[in-house]
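Good morning. I have one chain to go through today, starting with the overall layout and ending with two individual residues. Please look at the model first.

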Amino acid sequence: MASGVLGQQALNATTNTTVYTTPADTVAYANINVVNINATPVFVRVALAVGATPLAAEYIEYEAEIAGYGVLERTGVVLNAAKRVVAYSSSANVSVAVYGVEESTV
């Protein structure tokens, strides 16, 4: 059972990026932080997706604005096996961290 930081990525502009994928036979209890390292606002998307390209219904944030040097935090996110946290930003210099606990379901 892993705990702590489950995944971290620096995002490229306008590109879907898988930050974390829940292992098979596992459930994850996670928090997601998206940090804008720019002085100007950015727009971000966060999805809990089956694949690398999220479907419309999989987004939990869509075009959410993060102020310069700001943060977006989602807590208490539960991910079943094989679910991915996929993030997207309108600009570079945005980082995403997923941290929490994984628990075996077998």
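The chain has zero helices and eight strands. Both terms are DSSP runs numbered from the N terminus, helices being H or I with at least four residues and strands being E with at least two. Read from the N terminus, the order of elements is β-β-β-β-β-β-β-β. The radius of gyration is 13 Å, close to the 13 Å that the globule rule gives for 106 residues, so the chain is as compact as a globular protein of that length. That radius is taken over C-alpha atoms, and the rule is 2.2 Å times the number of residues to the power 0.38.

Before going further, the basis. This is a predicted model, in which local features need pLDDT of at least 70 and side-chain atom pairs count only at pLDDT 80 or more, while totals for chains, interfaces and linings use all residues. Residues are numbered from 1 along each chain as its sequence is written, and side-chain values use heavy atoms, with hydrogens and water left out.

Now the chain as a whole. The C-alpha trace spans about 45 × 25 × 20 Å along its principal axes. Of the 106 residues, 41% are buried; buried means under 20% relative accessible area, exposed over 50%, and partly exposed in between, with a 1.4 Å probe and protein chains only. Among contacts with a separation of 6 or more, 82% are between residues 24 or more positions apart, where contact means heavy atoms within 4.5 Å. The chain exposes about 5400 Å², and carbon and sulfur atoms supply 53% of that area. Areas come from the Shrake-Rupley method with a 1.4 Å probe; for residues, only the protein chains shown count as cover.

Next, strand 3. Strand 3 is mostly covered, with eight of its 11 residues buried. Which strands does it pair with? Strand 3 runs antiparallel to strand 8, residues 94-104, and 11 bridges join the two. Strand 3 is also antiparallel to strand 6, residues 71-79, through seven bridges. Pairing here requires that DSSP finds at least two bridges between two strands. As examples, Val-34 has Val-96 in strand 8 as its bridge partner, and Ala-30 has Val-77 in strand 6.

Asn-33 lies in this strand, residues 26-36. Is Asn-33 buried or exposed? Asn-33 is buried, with a relative accessible area of 18%. Not counting residues up to four places away in sequence, Asn-33 touches Val-71, Leu-72, Glu-73, Ser-95, Val-96, Ala-97 and Tyr-99.

On to strand 4, residues 42-49, where seven of the eight residues are buried. Strand 4 pairs with strand 5, residues 59-66, in the antiparallel sense over five bridges. Strand 4 is also joined to strand 7, residues 84-89, by six bridges, again running antiparallel. The bridge partner of Phe-43 in strand 5 is Glu-65, and that of Val-44 in strand 7 is Ser-89.

The last residue is Arg-45, in strand 4. Arg-45 is buried, at a relative accessible area of 17%. Leaving aside neighbours within four places in sequence, Arg-45 is in contact with Tyr-59, Glu-61, Tyr-62, Glu-63, Val-86, Ala-87 and Tyr-88. How many residues apart in sequence are Arg-45 and Tyr-59? They are 14 residues apart in sequence and 7.1 Å apart in space, C-alpha to C-alpha.
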